[in-house]
Amino acid sequence: MLLLKTLKKRLRHFDWWLFACMIVLMIIGVIAIYSALTSRIGEDSHTQSEYIRQIVWIVVALIIFVLVIAIPYPVFELMILPAYFFSLALLLLVLTMPQIKGATRWIMLGPFQLQPAEFTKITTILLLAKELSKPYITDMQILIKVVIIGLPPILLLLLQPDLGSAVIFGAIVFGILAFSDLSDYWLILSVSPFIAIVTSFYFPAFIIFMLILLFVLYKYNLSWIALGFTAVINTFIFFLVPFLWNGLKEYQQNRILSFLDPTRDPLGAGYQAIQSRIAIGNGMFWGRGFLEGTQKNLNFLPERHTDFIFSVIAEEFGFVGSMLIIMIFYFFIYRLIRSLKSITDKEQRLAIVGIITLFTSQAVVNIAINLGVFPTTGLPLPFISYGGSSLLANTIAVAIIMKFLTEKSFVR
């Protein structure tokens, strides 16, 4: 009876709408993967079997979902630090693996491939939330902890290279910092190097950025020494960018240049962006119909069951289908944000902010890549793209929030 009462009490706080959103996205993912892997030309039709694997991954993910919620909270807390170091060790191990498509992102486990970056996102969020929520923490302690925890995975991802995941990590760290106790001017200072990198390609833009930055910091009554230090750091970055650009591999430079002008290399670095735009344009308002997408049937659209799954949906279900996917993601993010109202614990709130930033940035960047307004970096669309690592990590992230919601009556 006590067990039933406890279960009923927990289920009372279970967010069924959030859970339903996740399941709907998973089902849409299987349908889209099936279509992406089906080639129909005339009466001939052939379907690859990866969609069956995705169904198996969904079953495994839902089992892990239940296990994460069932783990007692004190045990869960103790697991955060070892899990973080274990995920870093996997990121190191992956560097010793053979390259696949010019990158070392996967650990081969027989017929399966494990992508540690997906799990490292979760462990980094949890450890940052744990460390930055400690009482009486100063601004300098926050920044030092962010560097110690956040920088190693970003550097290891750049070595793979996995620029897309590194960008998502940057967004996650900034999102958590914005909701931590860090002072506003330190937050501005921590972001300024990234803006300096962007504006360093055009000298007048860099000058305008520096003037605005120094004016804003002056309003915060920073000393002239601090202002001078800020100016020196950002100017140093301005002169450093050309060296970093020359250090990028040729295909990475081509991807960035093709982002600015995809027609520059239509059969090479700009090929995916151009084919993706054509597929989305083909869909028009209602779409060409299920399994009728010509871009994927004629094998013009590369990586169509992973990074460019949104283009397949847009071609076959048109503007209506695309907007439906975006609205489901919008409602999913809304439910995540709404969960913040129910959580008062600082560590849990920071962890939820990190997870919200993860899902939002990954969905927005993936769709932007498909639309051709962001460089092609190789990021899956959460719950929809094919891939066991991404699906498991995303499901664990939702399970962690459900855990916070269902255990809020029992913890602290």
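**Notebook: patch, pocket and salt bridges**

I began with Met 327, which counts as partly exposed because its relative accessibility is 46%, a value that falls between the 20% and 50% cut-offs. I noted at once that the model is a predicted one, and then placed Met 327 in helix 14, which covers residues 309-342.

I next looked up the surface around this residue, and found that Met 327 belongs to a nonpolar surface patch of about 1100 Å², whose other members include Met 284, Phe 285, Trp 286, Phe 319 and Tyr 334.

Helix 14 came up again when I turned to the salt bridges, of which the structure holds six. In one of them the side chains of Arg 335 and Asp 15 meet, with N and O 3.2 Å apart. I traced Arg 335 to helix 14 and Asp 15 to the loop between helix 1 (2-12) and helix 2 (16-36), so that the pair links parts of the chain 320 residues apart. Both Arg 335 and Asp 15 are buried.

I then followed a second pair, Glu 77 and Lys 130, whose closest N and O atoms are 3.5 Å apart in their salt bridge. Glu 77 lies in helix 4 (residues 73-94) and Lys 130 in helix 5 (residues 116-132), with their positions 53 residues apart in the chain. Is each partner buried or partly exposed? Glu 77 counts as buried because its relative accessibility is 14%, whereas Lys 130, at 22%, counts as partly exposed.

My third pair was Glu 131 and Lys 134, which form a salt bridge at 3.3 Å, N to O. Here Glu 131 is buried, with a relative accessible area of 15%, while Lys 134 is partly exposed at 37%. I also wrote down that these two residues are linked with Lys 145 in a network of salt bridges.

I went on to the second largest pocket, which holds about 930 Å³ of space. Its lining has 36 residues, and those nearest the centre are Lys 101, Trp 106, Gln 113, Glu 303 and Thr 306. Among the elements that give two or more residues to this lining I listed helix 3 (50-70), strand 4 (112-114) and helix 16 (388-407). Sorted by character, the lining residues are 13 nonpolar, 14 polar and nine charged.

Last, I looked up Gly 228, which sits in helix 10 (residues 224-247) and is partly exposed, its relative accessible area being 30%. From Gly 228 to Val 364 the C-alpha distance is 36 Å, and the two are 136 residues apart in sequence.

Terms used
Residues numbered from 1 in each chain as written. Predicted model: local features only at pLDDT ≥ 70, side-chain atom pairs only at ≥ 80, totals over all residues. Heavy atoms only, no water. 1 Å grid on protein atoms, 1.4 Å probe; cavity = no way out; pocket = protein on both sides within 12 Å on 5 of 7 lines; lining within 4 Å. Points joined across faces, edges and corners; volume = space filled by probe spheres on them. Helix = DSSP H or I, 4+ residues; strand = E, 2+ residues; numbered from the N terminus. Nonpolar A, V, L, I, M, F, W, Y, C, P; charged D, E, K, R; others polar. Patch = residues over 30% accessible without salt bridge, like charges linked within 9 Å, V, L, I, M, F, W, Y side chains within 5 Å. Areas by Shrake-Rupley, 256 points an atom, 1.4 Å probe, with all protein chains shown as cover. Salt bridge = Lys/Arg side-chain N within 4 Å of Asp/Glu carboxyl O. Buried < 20%, exposed > 50% of the residue type's maximum accessible area, 1.4 Å probe, protein only.
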